Amino acid sequence: MDFTNINIVEILTIVICLVIAIVGHEIAHGLAAYKFGDMAAKNQNRLSINPIRHIDMFGTIIIPAALYLTSGFVLGWAKPVPVNLTTVMRNGGHKGAIIVALAGIAYNFILAAFAFFVLKFLNFGFTEAKFIYTFLVINLFLGLFNLYPIPPLDGSKALEYALRSFRLSSMANLITSLEKYGFIILVVILISPFKEQFFAPITYIFKLLHSML
């Protein structure tokens with residue numbers, strides 16, 4: 001790769017947007033759990049907006065940087081906030097557990113919607129508009145990607161709790177049993193010839209988004 005062509009401004013834009021997206025995503029999980037009486041995240045000071053408390057060296061820095069430099073594709077995650085599921089379930093039941101699981105996705109969708117309306121209805125210069133568009137894309141992609149019911153993505157947790165609420169324990173247990181292989185499954189999908197089909201729903205939504213801007 002020709003490192004002389006690296007756009008520092010573009011990298012900084014992506015880093016800022018990614019940190020806001022993934023750090024806030026994890027804080028949202030912690031806040032949702034806190035609303036159901038779970039003090040785990042609060043006691044470990046993981047509800048702080050200080051990004052340093054949430055950075056995962058591998059998922060927040062190394063993986064996003066490697067992906068960007070090799071493919072221009074960016075994906076990352078922050079250090080997961082601690083959640084005491086027993087407390088959440090005691091106070092909120094399976095519904096509470098589902099809310100906690102989907103809180104991060106909701107956060108990303110809210111930010112994406114805000115960025116969309118700002119971009120759609122307000123006039124900005126090229127630099128500002130590019131930042132807002134990047135912010136929109138990163139948050140929308142993270143929200144949609146996390147909806148996939150594949151461990152360790154949030155969608156798998158929400159599906160597992162939903163299945164248990166309907167007493168479909170055998171199916172829920174299957175999802176639980178896949179957790180230790182989740183990362184491997186994702187990597188295989190992302191490098192497989194079927195990755196375009198895997199991302200087809202997200203691609204369709206982004207095409208729809210572009211037609212609306």
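**Entry 1: Arg167 and helix 6**

I started at Arg167, which sits in the loop between helix 6 and helix 7. This is a predicted model, so I keep in mind that I am reading a prediction. Is Arg167 buried or exposed? I find Arg167 exposed, because its relative accessibility is 75% and the cut-off for exposed is over 50%. Its phi is near 60°, a positive value in a residue other than glycine. That caught my eye, since most residues other than glycine have a negative phi. Arg167 comes just after helix 6.

I then turned to helix 6 itself, residues 154–165. I count on 12 residues here, with a reach of 17 Å from the first C-alpha to the last. That is close to the 16 Å expected at 1.5 Å a residue. I looked up which residues of helix 6 are buried: Asp154, Gly155, Ser156, Ala158, Glu160, Tyr161 and Leu163. What covers them includes helix 1, helix 4, helix 5 and helix 7.

**Entry 2: other backbone oddities**

Asn45 also has a positive phi, about 60°, although it is not a glycine. I located Asn45 in the loop between helix 2 (40–43) and helix 3. With a relative accessible area of 35%, Asn45 is partly exposed.

Next I checked the peptide bond from Pro151 to Pro152, and I note that it is cis, with omega near 5°. Worth a bookmark, because most peptide bonds are trans. Pro152 lies in the loop between helix 5 and helix 6.

**Entry 3: the nonpolar cores**

Which residues touch the most other members of the largest nonpolar core? I noted Phe145 and Ile202, out of 34 residues in that core. The elements that give it two or more residues are helix 1 (8–35), helix 4, helix 5 (126–146), helix 8 (182–191) and helix 10 (200–212). Helix 5 gives the most, with nine residues. As background, nonpolar side chains tend to be buried together in soluble globular proteins.

I zoomed in on Ile202 and listed its contacts: Phe141, Leu144, Phe145 and Tyr148, leaving out residues up to four places away in sequence. Apart from the largest core lies another, of seven residues. Among them are Ala28, Ala33, Val100 and Ala103.

**Entry 4: Thr134 and Gly92**

Thr134 is in helix 5. I call Thr134 buried, because its relative accessibility is 16% and the limit is under 20%. Setting aside residues up to four places away in sequence, Thr134 touches Thr13, Ile14 and Cys17. I also took its C-alpha distance to Pro80: 24 Å in space, with the two positions 54 residues apart in sequence numbering.

For Gly92, I looked in helix 4 (residues 85–121). Gly92 counts as partly exposed, at 22% relative accessibility. How far apart in space are Gly92 and Phe36, C-alpha to C-alpha? I read 6.1 Å, though they are 56 residues apart in sequence.

**Entry 5: a nonpolar patch on the surface**

Last, I turned to the outside. Met57, Phe58, Ile61, Ile62, Phe183, Val187 and Ile191 form a nonpolar patch on the surface. Together they have about 680 Å² of accessible area. Helix 3 (57–71) and helix 8 are the elements that give the patch two or more residues, and helix 3 gives the most, with four. I picked out Val187, placed in helix 8. Val187 is partly exposed, because its relative accessible area is 34%, which falls between the cut-offs of 20% and 50%.

How values were computed:
Residues are numbered from 1 along each chain as its sequence is written. This is a predicted model: local features need pLDDT of at least 70, side-chain atom pairs count only at pLDDT 80 or more; totals for chains, interfaces and linings use all residues. Side-chain values use heavy atoms; hydrogens and water are left out. Buried means under 20% relative accessible area, exposed over 50%, partly exposed in between (1.4 Å probe, protein chains only). A nonpolar core is a set of buried Ala, Val, Leu, Ile, Met, Phe, Trp, Tyr and Cys residues joined through side-chain atoms within 4.5 Å. Contact means heavy atoms within 4.5 Å. Patches are made of residues with over 30% relative accessible area and no salt bridge: like charges are joined within 9 Å, nonpolar side chains (Val, Leu, Ile, Met, Phe, Trp, Tyr) within 5 Å. Accessible areas come from the Shrake-Rupley method with a 1.4 Å probe; for residues, only the protein chains shown count as cover. A salt bridge is a side-chain nitrogen of Lys or Arg within 4 Å of a carboxyl oxygen of Asp or Glu. The expected span of a helix is 1.5 Å times one less than its number of residues.
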